[in-house]
Amino acid sequence: MILTDIMKYIESEYNIINSTPCEVCGGDYEAEQLEILLIDNVPFDVCECLCSECGHEKTFEFYAPFLNEKPLKNKKNLN
């Protein structure tokens, strides 16, 4: 996965957070903390969020497939 793909993937995570209403009051969630965690040896982006209206806390967990890939080898620029 290249960097632009990773950024699109992360952007889609925030689209889900932004389109999910608070289950208590219907307000909007705001991301407070984002971290990478291994859950059963599987990488996840874990985002702790708070409702901007009532302060309700919600955790979003997104599979992070780009963390399973081997690092890219150094390549020379051919231009």
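Helices and strands here are DSSP runs, numbered from the N terminus. With that settled, on to the chain. This is a predicted model. From the N terminus on, the elements run α-β-β-β. That makes one helix and three strands in the protein chain. The chain has 79 residues, and 23% of them count as buried.

Let's start inside. Which residues make up the largest nonpolar core? There are eight: I17, C22, Y29, C47, C49, C51, F60 and F62. Two strands each supply at least two of these residues: β2, residues 42–51, and β3, residues 57–63. The largest share comes from β2, with three residues. As general background, nonpolar side chains in soluble globular proteins tend to be buried together.

Stay with C47 for a moment. C47 belongs to that core. Its C-alpha lies 6.5 Å from the C-alpha of A31, although the two are 16 residues apart in sequence. A31 sits in strand β1. Buried or exposed? A31 is neither: it counts as partly exposed, because its relative accessibility is 36%, and that class lies between the under 20% of buried and the over 50% of exposed.

Now the charges. How many salt bridges does the structure hold? One. The partners are E23 and K58, with their closest N and O atoms 3.6 Å apart. This pair links distant parts of the chain. E23 is in the loop between α1 and β1, K58 is in strand β3, and 35 residues separate them. The two partners fall into separate accessibility classes. E23 is exposed, because its relative accessible area is 55%. K58 counts as partly exposed, at 23% relative accessibility. In general, side chains of opposite charge can pair when their charged atoms come close.

Next, the surface. D28, E30, E32, E53 and E57 form a negative patch. Take E32 as one of them. E32 lies in strand β1, which covers residues 29–39. Why does E32 count as exposed? Because its relative accessibility is 51%, and exposed means over 50%.

E53, another member of that patch, brings us to a contact in space. The C-alpha atoms of E53 and G26 are 8.4 Å apart, and the residues are 27 apart in sequence. Where is G26? In the loop between α1, residues 3–19, and β1. E23 is also placed in the loop between α1 and β1. G26 counts as partly exposed, because its relative accessibility is 45%.

Last stop, the backbone. Look at the loop between β1 and β2. D40 lies there, and N41 has its place there too. Both have a positive phi. For D40, phi is near 55°, a positive value in a residue other than glycine. For N41, phi is near 65°, again positive in a residue other than glycine. Now their accessibility. D40 counts as exposed, because its relative accessibility is 73%. N41 is exposed as well, with a relative accessible area of 69%.

To recap. The chain runs α-β-β-β. β2 gives the largest share of the core. The salt bridge joins E23 and K58. The negative patch includes E32 and E53. And D40 and N41 are the positive-phi residues to look at in the loop between β1 and β2. That's the tour.

Note on methods:
Residues numbered from 1 in each chain as written. Predicted model: local features only at pLDDT ≥ 70, side-chain atom pairs only at ≥ 80, totals over all residues. Heavy atoms only, no water. Patch = residues over 30% accessible without salt bridge, like charges linked within 9 Å, V, L, I, M, F, W, Y side chains within 5 Å. Areas by Shrake-Rupley, 256 points an atom, 1.4 Å probe, with all protein chains shown as cover. Salt bridge = Lys/Arg side-chain N within 4 Å of Asp/Glu carboxyl O. Lys, Arg positive; Asp, Glu negative; His and termini not counted. Charge placed at Lys NZ, Arg CZ, Asp CG, Glu CD. Helix = DSSP H or I, 4+ residues; strand = E, 2+ residues; numbered from the N terminus. Buried < 20%, exposed > 50% of the residue type's maximum accessible area, 1.4 Å probe, protein only. Core = buried A, V, L, I, M, F, W, Y, C linked by side-chain atoms within 4.5 Å.
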